[in-house]
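Here is a friendly walk through a complex of protein chains. Have the structure open and rotate along as you read.

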Amino acid sequence: MTQTSISRIGRQSLFITLCVFLCGQAYAMPDEACMECHSDPEMTTEMDGAEISLFIDYNIFKETIHAENGCISCHEDADVEEGEDHPVPLAPVFCGTCHEEIQQTYETSMHGEARLIAGDMQAPKCHNCHTKHRILPPSDKRSPTYPLNIPDTCGSCHKEGSSMTKEHNIGQTYIVQKYSMSIHGKGLYVDGLIVTATCVSCHTPHNVQAPNDPRSSVNRENIIETCNQCHVGIVDKFKKSVHSPLVTKTDKMLPVCFDCHTSHNISRVGEKDFRLLIAEQCSNCHTHESESFFETYHGKAGLLRGGEKAAKCSDCHGAHSIMPITSNKSFINPENIVQTCKTCHPEANEGFTAYIAHGTHHDKEKYPALYYTFWAMTGLLVGTFSFFGLHTILWIPRSLIERFKEISKD
Amino acid sequence: MENEQVQTLYIERFNVVQRLTHLLVILSFLTLALTGMALKFAMEPWAQDIAYLGGGFVVLGALHRFCAIVTFFYFFMTIVMIHAEWKDSQKSLLTFLFAPEGLMPNLNDAKEMLGTFKWFFGGPRPYYGRWTYWEKFDFFAVFWGIAVIGGSGLALWFPEAFSRFMPGWGLNVATIIHSDEALLASGFIFTIHFYNTHLRPEKFPLDPVIFVGKITVDELKHERPREYDQLLGSGELEKLTSRRSPRGWLVKMAYTAGIFFVVTGSILIIYIISTMYQYISSH
């Protein structure tokens with residue numbers, strides 16, 4: 001063979017390879033081919049006894065994040081030769097092909113295990129939250145994952161009366177309603193503050209776990225770090241306070257954020273509903289102090305309509321910086337207590353702070369003044385009522401006789 | 001002898017000043033009791049209802065303090081009136097205060113009290129004068145009450161000022177004294193006093209004299225025989241009696257207001273008693 005023939009073969013082979021390659025390309029299903037059928041709004045099919053639409057709004061799909069990938073990048077088995085039918089139904093799309101990390105996280109989540117391992121069809125897969133053909137980033141207002149839409153997206157299953165709620169015991173009720181009335185919900189819906197906490201802020205988007213699962217972002221062990229995503233200042237204070245496991249070593253359960261603030265009912269601390277709640281919440285652990293508190297003026301006033309401003313536990317003890325009274329950082333330490341009382345009583349003085357906030361007249365050793373005063377007064381009452389009560393009772397028959405005498409006179 | 005139609009003779013027991021004062025006492029006392037008990041028993045639903053209907057805790061507090069001022073006022077006015085009476089009488093202070101038919105308790109009252117217990121068991125009815133011992137007790141109980149409730153109340157009203165010369169735990173003591181004395185006062189008025197004046201079978205359902213002012217001379221003769229005899233003997237009786245019966249509208253108003261006050265007080269004390277019964281039986 002001459003040199004010219006070898007190079008000629010080389011060029012011919014190259015040309016043929018190029019042709020075959022290009023022809024192969026020409027036969028990859030373009031989106032237009034799919035849309036020949038799937039642009040028909042009336043196109044439906046039956047699956048599991050229900051009629052489902054096969055219409056794809058390409059105008060929207062064009063704007064999605066996956067537009068440039070083409071239909072067959074997800075629907076691999078739809079890539080058939082021209083003129084052939086693609087298999088029906090198509091195989092389920094596996095987002096993990098590209099979204100590997102999220103897929104792995106999802107697989108070990110509660111939603112993932114329920115759907116993939118237990119086969120629970122009411123547990124969400126990717127498309128239940130992200131849609132199929134309208135996948136838009138969370139920054140896009142139209143996306144179901146846009147902050148303003150998140151509660152509705154989660155709420156489509158996590159609401160009273162849904163088929164999911166009927167068959168699963170979630171443990172929390174009226175979640176979306178409570179959230180809407182909470183400080184976070186009001187921030188979102190009333191102020192349009194999209195940086196406020198939504199479901200995914202606390203529960204994570206793809207690693208939702210049951211609260212009693214130690215992997216859960218809202219488990220007792222983890223909730224502080226979850227709230228710390230935003231409430232850094234408060235968590236800083238809390239970690240130095242007496243309620244933090246870093247400060248108090250105890251077997252007893254220490255309170256975490258939701259013990260005082262609840263999970264979804266989180267309201268502003270000046271609001272009536274929070275103030276009415278807080279005395280109850282503290283009483284879960286501090287029963288004795290709570291009982292004696294309700295015997296004092298502050299406790300009683302707070303129970304009446306209009307009395308919500310009366311001092312509650314957190315007004316005197318602090319909320320996140322609670323320290324034992326012996327610490328000079330404690331709100332009720334003698335160094336600080338006059339200032340604390342002055343918050344509501346501008347004329348407070350040292351004598352004033354000697355008021356016993358948790359006293360009881362039952363304790364002779366600790367509070368003798370209260371004990372003896374109580375029993376002296378009780379003695380006075382019992383004595384007076386006994387004497388005059390007897391007087392009254394003994395008068396009754398005599399009085400009846402007098403009355404009948406009068407009546408018979410007429 | 002002419003066949004005279006027997007006309008009823010009336011005598012005034014309480015003049016208009018005394019009657020208006022007592023109305024003031026009733027209005028302020030009832031308000032104090034309602035507003036105060038709503039706080040003392042704040043954990044009870046009925047107390048919360050009172051607060052709700054009354055316009056809330058702040059309104060109740062304002063009403064309570066206002067009526068406390070009214071109470072100090074009528075107390076002060078009573079002292080002023082007694083002083084004026086004393087000056088009028090031109091007697092020495094002690095003679096005036098301890099006049100035999102005056103309001104000061106004396107040995108005769110002790111005898112009458114004993115006599116009354118005997119009467120309960122079938123003995124003769126005591127020879128009661130202008131004021132019976134239970135009326136004198138009621139009168140002076142107010143002095144005691146105002147001193148004790150008023151004093152402790154002022155401490156609770158101005159806690160910062162009081163704790164300048166009294167330790168702060170004095171406020172806890174003041175609270176016990178104030179609320180227990182209030183319980184004594186309200187309890188006593190709504191049970192014993194109501195019984196003595198209105199609810200005893202002889203008077204039931206109401207004795208309107210404290211608003212109407214006049215009673216019949218027959219009633220005087222029966223209820224206060226010593227007073228009747230004294231007035232008859234001295235010739236005063238004729239001067240004090242009249243044929244004019246109390247005005248119809250006054251009697252109607254007296255009964256309406258009276259029944260309303262007695263019922264309100266009774267309902268309140270029933271709630272208080274049932275609540276206290278529950279507390280005591282559960283401890």
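The report below begins with confidence and overall layout, then turns to the interface, the cores and a few local details.

## Confidence in the model

Please keep in mind that this is a predicted model. For the complex, the predictor reports an ipTM of 0.91 together with a pTM of 0.80. Chain B has a mean pLDDT of 92, and 98% of its residues reach 70 or more.

Within chain B, confidence peaks in H1(B), at 96, and is lowest in H12(B), where the mean is 87. As a general reminder, predicted coordinates should not be read in detail where pLDDT is low.

## Chain B at a glance

Chain B contains 13 helices and three strands. Its C-alpha trace spans about 75 × 40 × 40 Å along the principal axes. Of the 283 residues in chain B, 29% are buried.

How do the contacts of chain B spread along its sequence? Among contacts with a separation of 6 or more, 74% are between residues 24 or more positions apart.

## Where chains A and B meet

The contact between the chains draws 39 residues from chain A and 39 residues from chain B. On the side of chain A that touches chain B, helix H18 (297-303) and helix H21 (368-409) each supply at least two residues. H21(A) gives the most to that side, with 18 residues. Sorted by class, the side of chain A that touches chain B has 21 nonpolar, twelve polar and six charged residues.

## Two nonpolar cores

The largest nonpolar core has 34 residues, and those with the most contacts inside it include A:Leu304, B:Met37, B:Ala42 and B:Ala185. At least two residues each come from H18 of chain A and from H1 (16-40), H2 (45-54), H3, H8 (169-199) and H13 (248-282) of chain B. H8(B) provides the largest share of this core, ten residues. A second, separate core has 14 residues, among them A:Tyr355, A:Met377, B:Leu171 and B:Ile177.

B:Ala42 is a good place to zoom in. Which residues does B:Ala42 touch, leaving aside its neighbours within four places in sequence? The partners of B:Ala42 are A:Lys300, A:Leu303 and A:Leu304 from chain A, along with B:Ala47 from chain B.

## Helix H11 of chain B

In H11(B), which covers residues 225-234, the residues B:Glu227, B:Tyr228 and B:Leu231 are buried. These three lie on the same side of H11(B) because they cover an arc of only 100° around the axis. The buried residues of H11(B) pack against two helices of chain B, H10 (217-223) and H12 (236-240). After H11(B) comes B:Gly235, which has a positive phi near 85°.

## An exposed alanine

B:Ala84 sits in helix H3 of chain B, which runs over residues 57-89. Is B:Ala84 buried or exposed? B:Ala84 is exposed, because just 10 other C-beta atoms lie within 10 Å, and a residue counts as exposed at 12 or fewer. B:Ala84 and B:Glu44 are 40 residues apart along the chain, and their C-alpha atoms are separated by 46 Å.

## A hairpin in chain A

Strands S1 (residues 44-47) and S2 (residues 50-53) of chain A run antiparallel and are joined by four bridges. Across this pairing, A:Thr45 stands opposite A:Ile52 in S2(A). The hairpin of S1(A) and S2(A) has two residues between its strands, and A:Asp48 adopts a positive phi near 55° there.

Conventions
Residues numbered from 1 in each chain as written. Chains lettered and ligands numbered in written order. Predicted model: local features only at pLDDT ≥ 70, side-chain atom pairs only at ≥ 80, totals over all residues. Buried ≥ 20, exposed ≤ 12 C-beta atoms within 10 Å, placed from the backbone. Arc of directions from axis to C-beta. Contact = placed C-beta atoms within 7 Å. Nonpolar A, V, L, I, M, F, W, Y, C, P; charged D, E, K, R; others polar. Core = buried A, V, L, I, M, F, W, Y, C linked by C-beta atoms within 7 Å. pLDDT = per-residue confidence, 0-100. Pairing = 2+ DSSP bridges.
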